[in-house]
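Biologist: Could you take me through one part of this model at close range, the helix packing, and tell me who touches whom? I would love one connected account that I can follow residue by residue.

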Amino acid sequence: MATSQHTALADRPDQTGRAAAPVTGDCLSLDARLAAAEAAMTVKLDEAAVAHEVRTAHIDTSPIDLADIITVPLTPTPCPAPRPSATTPVAALLERARARMEADGWCTGALTDDSGAVCLLGAIRREAGGDRGLEADAASVVLDAIRRRFGDHVDSVPSFNDAQASGRVPARMLGEAASMADAKGL
């Protein structure tokens, strides 16, 4: 009966008289090899950390006080009034409403909250200055812009505003609505 070369090599004694190990590959599993490599790397990183500490021990450092580096004005500076790039009344109103929302803050559940923050419709109403026709036209364009972006399932501007988690999307929708109003000549 013929034996394979590997078995024949394993059965032969080496020069010391012991049988050679079978030639079946590395006897460590993948997990064991990874653990050994991790241990070796940890030792090297520890040695490098000690070497770094030794090399930099002579450097005198003092803690940095962030108050010396980061400064802010004591009184907030008001944002300059935006220059309306819109050429139509509704587009200009929507640009002002967006600027108002960004300056005063955004709220849900009311046109205006106690701190002065406004919702989509609250910003439009404040900037319309009592002109209900201009306000209605602006709200209609905003609803069209919202429906173009998010679908026809949006019922109203206030319901869309209240469904948002932050004022970023409502402010962006005012900007998009201003562009639409300008393009339509409203």
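Modeller: Happily! Let's begin where helices H4 and H6 pack, at an angle of about 75° and with 9 Å between their axes. H4 is therefore roughly perpendicular to H6, as angles of 65 to 115 degrees count as such. On the H4 side the residues in contact are Pro89, Val90, Leu93 and Leu94, and they meet Leu134, Glu135, Asp137, Ala138, Val141 and Val142 of H6. Sorted by class, this contact of H4 with H6 has eight nonpolar residues, two charged ones and no polar ones. Keep in mind throughout that this is a predicted model; I will come back to its confidence below.

Two residues of H4 are worth a pause. Proline 89 belongs to helix H4 and has a relative accessible area of 54%, so it counts as exposed. Leaving aside residues up to four places away in sequence, proline 89 touches Leu134 and Leu186. Its C-alpha atom lies 9.9 Å from that of alanine 128, although 39 residues separate the two in sequence. Aspartate 104 is also in helix H4, which covers residues 89-104. With a relative accessibility of 31%, aspartate 104 falls in the partly exposed class, because that class lies between the 20% and 50% limits. Its contacts, again without residues up to four places away in sequence, are Gly116, Ala117 and Arg126. For glycine 116, which is 12 residues from aspartate 104 along the chain, the C-alpha separation is 6.1 Å.

Now to the next partner of H6. Helix H5, residues 120-128, packs with helix H6, residues 132-150, at about 150°, and their axes are 9 Å apart. An angle over 145 degrees counts as roughly antiparallel, which is why H5 and H6 are described that way. The crossing of these two helices is right-handed. From H5, the residues Leu120, Leu121, Ile124, Arg125 and Ala128 take part, and they meet Arg132, Glu135, Ala138, Ala139, Val142 and Ile146 of H6. In class terms, the contact of H5 with H6 counts eight nonpolar and three charged residues, with no polar ones. Notice that Ala128, which was paired above with proline 89 in a C-alpha distance, is one of the H5 residues in this contact. Glu135, Ala138 and Val142 of H6 are named in the contact with H4, and they are named again in the contact with H5.

H6 has a further packing to look at, with H8. These two helices pack at about 110°, and their axes are 8 Å apart. H6 is therefore roughly perpendicular to H8. H6 passes H8 in a right-handed crossing. The H6 residues involved are Val141, Val142, Asp144, Ala145, Ile146, Arg148, Arg149 and Phe150, while H8 brings Val169, Arg172, Met173, Leu174, Glu176, Ala177, Met180, Ala181 and Lys184. This contact of H6 with H8 has 11 nonpolar and six charged residues, and no polar ones. Val142 of H6 appears here as well as in the contacts with H4 and H5.

Just past H8, which covers 168-184, comes the segment that holds glycine 185. Glycine 185 has a relative accessible area of 52% and so counts as exposed. Along the chain, glycine 185 and valine 90 are 95 residues apart, yet their C-alpha atoms are separated by 8.6 Å. Val90 is one of the H4 residues that meet H6, and proline 89 touches Leu186, so the two ends of this account tie up nicely.

Stepping back, the chain has eight helices and zero strands. Of its 186 residues, 26% count as buried. Among contacts with a sequence separation of 6 or more, 56% join residues 24 or more positions apart.

Finally, the confidence I promised. The mean pLDDT of the chain is 81, and 77% of the residues reach 70 or more. Helix H2, residues 30-56, has the highest confidence at 93, whereas helix H1, residues 5-11, has the lowest at a mean of 48. The pLDDT is below 50 over residues 1-10, and that stretch has six contacts in the model beyond near neighbours in sequence.

Definitions and conventions. Residues are numbered from 1 along each chain as its sequence is written. This is a predicted model: local features need pLDDT of at least 70, side-chain atom pairs count only at pLDDT 80 or more; totals for chains, interfaces and linings use all residues. Side-chain values use heavy atoms; hydrogens and water are left out. Axes are lines fitted to C-alpha atoms, for helices over the stretch in contact, and angles run from 0 to 180 degrees between N-to-C directions. Helices (H or I, at least four residues) and strands (E, at least two) are DSSP runs, numbered from the N terminus. Angles under 35 degrees count as roughly parallel, over 145 as roughly antiparallel, 65 to 115 as roughly perpendicular and the rest as oblique. A crossing is left-handed if the near helix is turned anticlockwise from the far one by less than a right angle, and right-handed if clockwise. Contact means heavy atoms within 4.5 Å. Ala, Val, Leu, Ile, Met, Phe, Trp, Tyr, Cys and Pro count as nonpolar, Asp, Glu, Lys and Arg as charged, and the others, Gly among them, as polar. pLDDT is the predictor's confidence in each residue, from 0 to 100. Buried means under 20% relative accessible area, exposed over 50%, partly exposed in between (1.4 Å probe, protein chains only).
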